[in-house]
Amino acid sequence: MTTASNVRIIPAKAQTEISRSKYQQLRVAAYCRVSTEQEEQQNSYQVQIAYYTDLINRKKEWSLVGIFADVNYC
């Protein structure tokens with residue numbers, strides 16, 4: 001390959017797994033849903049939020065960006 005005399009090609013540096021995980025986090029959101037008004041599901045929404053918040057926060061390579069919810073009583 002020929003290039004113009006004033007063009008300098010700089011090769012990309014290989015990214016190691018350590019440097020990639022140190023500076024990049026996966027942005028993660030949770031989806032929680034309650035679909036009935038049954039008594040056994042009254043605390044389900046809060047339990048789901050607590051579970052997913054804890055799960056995502058325990059992963060150093062994840063960053064919690066939000067919790068989305070859908071309460072849909074039929």
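This briefing walks through a few residues of helix H2 and strand S2, along with some ring contacts. Please keep in mind that the model is predicted. A good place to begin is Gln48, which lies in helix H2, residues 44-58, and from there we can move to Tyr45, also in helix H2, and then to Ala69 in strand S2.

**Gln48 in helix H2**
- Gln48 belongs to helix H2, which runs over residues 44-58.
- With a relative accessibility of 17%, Gln48 counts as buried, because the cut-off for that class is under 20%.
- Setting aside neighbours within four places in sequence, Gln48 makes contact with Tyr31, Cys32, Arg33 and Val34.

**Tyr45 in helix H2**
- Tyr45 is another residue of helix H2, and its relative accessible area of 26% makes Tyr45 partly exposed.
- Once neighbours within four places in sequence are left out, the contacts of Tyr45 are Cys32, Val34 and Ala69.
- Cys32 and Val34 therefore appear in the contact lists of both Gln48 and Tyr45, given that contact means heavy atoms within 4.5 Å.
- Tyr45 and Asp70 are 25 residues apart along the chain, and 9.2 Å separates their C-alpha atoms.

**Ala69 in strand S2**
- Ala69 sits in strand S2, which covers residues 62-71.
- The relative accessible area of Ala69 is 43%, so Ala69 is partly exposed.
- Not counting residues up to four places away in sequence, Ala69 touches Cys32 and Tyr45; the contact with Tyr45 links strand S2 to helix H2.
- Between the C-alpha atoms of Ala69 and Tyr31 the separation is 5.7 Å, although these residues are 38 places apart along the chain.

**Aromatic rings and a charge**
- The count of aromatic pairs comes to 1.
- That pair is formed by Tyr51 and Tyr52, whose rings are 4.9 Å apart centre to centre, with 80 degrees between the planes.
- The arrangement of Tyr51 and Tyr52 is edge-to-face, because planes over 60 degrees apart fall in that class.
- Tyr51 is partly exposed at 47% relative accessibility, and Tyr52 is likewise partly exposed, at 31%.
- Elsewhere, Lys59 places its charged end over the ring of Trp62, at 5.4 Å from the ring centre.

Notes:
Residues are numbered from 1 along each chain as its sequence is written. This is a predicted model: local features need pLDDT of at least 70, side-chain atom pairs count only at pLDDT 80 or more; totals for chains, interfaces and linings use all residues. Side-chain values use heavy atoms; hydrogens and water are left out. Helices (H or I, at least four residues) and strands (E, at least two) are DSSP runs, numbered from the N terminus. Buried means under 20% relative accessible area, exposed over 50%, partly exposed in between (1.4 Å probe, protein chains only). Rings of Phe, Tyr and Trp (its six-membered ring) pair if their centres lie within 6.5 Å; planes under 30 degrees apart count as stacked, over 60 as edge-to-face and the rest as tilted. A charge sits over a ring if NZ of Lys or CZ of Arg is within 6 Å of the ring centre and within 35 degrees of the ring normal.
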